[in-house]
Amino acid sequence: MALCLDWPPHRQAASGEPVMSRLSFAHSRTVHVRTAAFGLAAVVLLSGCQAASAPGGSPSETSSTTASPTSSASAPEASATPVAPPAVYKPADASGKAQNVPVPVMPELAKENSKAGLEAFIGYWYAVKNYANQTGELSVLSTLSSTGCQLCGHMQKAAVDSYRDGRWIAGGTLHLATVEMDWDADTSPHLSRAQVIQDAISYYNADGTEGRPSDAATNDTFVILAEFETAWKVVDTGVIR
């Protein structure tokens, strides 16, 4: 069976505007209470012979000194500084664009020139493509491919066009199912095959109306050519027909 690459699978709408390619791609501190021992001092009452009071005289008064209880007012506790709840990710839908889309973080392994490093890089590349497809933001994705990768450029343009003039898309999430490669450390670029499942895509205009008919979900196998200099870059890619 012949292997051919679809160069490029980028389509145009009837209006002539480019649309998103199907390739656009988880002490207690134990408080020890110490009880202080308080000794009770014995109160010795000294009594003596006392002359009788004169008639009408006041009886001798015994004065006792009683310590008034000390009132301790507890100082009010400092009020805790309110902490704003973390922003919650909301996928795009018919009501609006995606919100608070998490920015993918490159795993350390993806910086390594090895088979495992390339596999990790491919996973990261698709994660960044998902981020671009949900936001139209390409500052990271554009650094992960060479300028000679024409299809990479088409996919980046499609992601931007999907958000031009207030438009947006919903769905289209890419799921990387498998990655296979015949690793040879002495060969460059390295060829990998990736099975990618993409969810259905809905297109919306700025006013919320449907921009164009939805695209159905797909399940395709892609070839990915990548090389390592100081970091991995995709130099070419395409779908296997």
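Two strands count as paired if DSSP finds at least two bridges between them. Helices (H or I, at least four residues) and strands (E, at least two) are DSSP runs, numbered from the N terminus. What you're looking at is a predicted model, so local features need pLDDT of at least 70 and side-chain atom pairs count only at pLDDT 80 or more, while totals for chains, interfaces and linings use all residues. Residues are numbered from 1 along each chain as its sequence is written, and side-chain values use heavy atoms, with hydrogens and water left out.

**Exercise 1. Work out how the sheet is put together.**

Step 1: start with S6 and S7. They run antiparallel and are joined by 7 bridges. A hairpin of 3 residues takes the chain from S6 to S7. For one facing pair, look at Ile224, which stands opposite Thr237 in S7.

Step 2: now go to the other neighbour of S6. Strand S3 (residues 190–198) is tied to strand S6 (residues 218–228) by 9 bridges, again in antiparallel fashion. Here Ser192 has Ile224 as its bridge partner in S6, and Ile197 sits opposite Asn219.

Step 3: put the strands in order. The open sheet has 4 strands, arranged S2-S3-S6-S7, with antiparallel pairing. At the edges are strand S2 (174–181) and strand S7 (232–239), each pairing on one side only. From one strand to the next, the twist averages 30°.

**Exercise 2. Find the helix that packs on this sheet, and its direction relative to S2.**

Step 1: look for contacts, meaning heavy atoms within 4.5 Å. Helix H1 (residues 115–135) touches S2, S3, S6 and S7.

Step 2: compare directions. Axes are lines fitted to C-alpha atoms, for helices over the stretch in contact, and angles run from 0 to 180 degrees between N-to-C directions. On that basis, H1 makes about 160° with S2.

**Exercise 3. Track down some backbone oddities: which peptide bond is cis, and where do Asn100 and Asp165 lie?**

Step 1: check omega. The bond from Ser188 to Pro189 is the cis one, with omega near 0°. Pro189 belongs to the loop between S2 and S3.

Step 2: check phi. Asn100 isn't a glycine, yet its phi is positive, near 55°; you'll find Asn100 in the segment before H1. Asp165 also has a positive phi, near 60°, and lies in the loop between helix H2 (150–161) and strand S1 (168–171).

Step 3: check accessibility. Buried means under 20% relative accessible area, exposed over 50%, and partly exposed in between (1.4 Å probe, protein chains only). Asn100 counts as partly exposed because its relative accessibility is 43%. Asp165 is at 63%, so Asp165 counts as exposed.
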